[in-house]
Amino acid sequence: MRSRRRSRGGLEEAVVEVLSKAKRPMTTAEVREALGGDLAYTTVMTVLARLHGKSAVTRQAEGRGYAYAAIRDPAERTARRMQHLLAGDADSATVLTRFVDNLSPADEATLRALLEVDRPSAP
């Protein structure tokens, strides 16, 4: 009998694809069903929790659990990954310094312009 194992990261990709096609946030049970229903509920729940931990999906409370949604904007996904990585480093000032040191002149100019704009504070 041949194994139906997915490649490394394949299940995460499949889950994000299911969420991306959805018109609304989905519960773990709904994601499991959309994947074919052959995975354990806890497996799907773990993948969703990991994707949320990586800032790859959003979640909102629904009942006793959560409903998850894909972040559709590629720029938003990248920004959330960057924030996640930065938050995971104890010396964020050094990380940001290294990041800026490696920017192209055009990207550095964009960043400078963005930092000079008056932006409303987050609540």
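Here are four short exercises, with worked solutions, on this predicted model.

**Exercise 1. The nonpolar core**

Work out which residues touch the most other members of the largest nonpolar core, and which elements supply that core.

*Solution.* Start with the membership: the largest nonpolar core has 18 residues, and Val15, Leu19, Val31, Leu35 and Leu48 touch the most other members. Next, go to the elements. Helix H1 (10-21), helix H3 (41-53) and strand E3 (65-70) each put in at least two residues. H1 gives the largest share, with five residues. Now zoom in on Val31: leaving aside residues up to four places away in sequence, Val31 touches Val15, Val18, Leu19, Met26, Val44 and Leu48. As background, nonpolar side chains in soluble globular proteins tend to be buried together.

**Exercise 2. The sheet**

Find the strand order of the open sheet and say which strands sit at the edges.

*Solution.* Trace the pairings: the three strands run in the order E1-E3-E2, with antiparallel pairing. E1 and strand E2 (57-62) each pair on one side only, and these are the edge strands. Then check the E1 and E3 pair, which is antiparallel over two bridges. Finally, add the helix: H1 lies across E1, E2 and E3, at about 85° to E3.

**Exercise 3. Thr27**

Decide whether Thr27 is buried or exposed, and list what Thr27 touches farther along the chain than four places.

*Solution.* First, place the residue: Thr27 belongs to strand E1 (residues 26-27). Its relative accessibility is 18%, and the cut-off for buried is under 20%, so Thr27 counts as buried. Across the pairing, Thr27 stands opposite Ala67 in E3. With residues up to four places away left out, Thr27 touches Glu62, Tyr66 and Ala67.

**Exercise 4. Salt bridges**

Count the salt bridges, then look at where the partners of three of them lie.

*Solution.* The count comes to five. Take Glu12 and Lys54: their closest N and O atoms are 2.9 Å apart. Glu12 is in helix H1 and Lys54 in the loop between H3 and E2, so this pair ties together parts 42 residues apart in sequence. Lys54 is partly exposed, at 38% relative accessibility.

Move on to Glu30 and Arg24, whose side chains meet in a salt bridge at 2.8 Å, N to O. Glu30 is partly exposed at 26%, and Arg24 is partly exposed at 48%.

Last up, Arg112 and Glu108 also form a salt bridge, at 2.8 Å, N to O. Both sit in helix H6 (residues 105-116), four residues apart, or about one turn of the helix. Glu108 is partly exposed, with a relative accessible area of 25%.

Methods:
Residues numbered from 1 in each chain as written. Predicted model: local features only at pLDDT ≥ 70, side-chain atom pairs only at ≥ 80, totals over all residues. Heavy atoms only, no water. Core = buried A, V, L, I, M, F, W, Y, C linked by side-chain atoms within 4.5 Å. Buried < 20%, exposed > 50% of the residue type's maximum accessible area, 1.4 Å probe, protein only. Contact = heavy atoms within 4.5 Å. Pairing = 2+ DSSP bridges. Axes fitted to C-alpha atoms, helices over the stretch in contact; angles between N-to-C directions. Salt bridge = Lys/Arg side-chain N within 4 Å of Asp/Glu carboxyl O.
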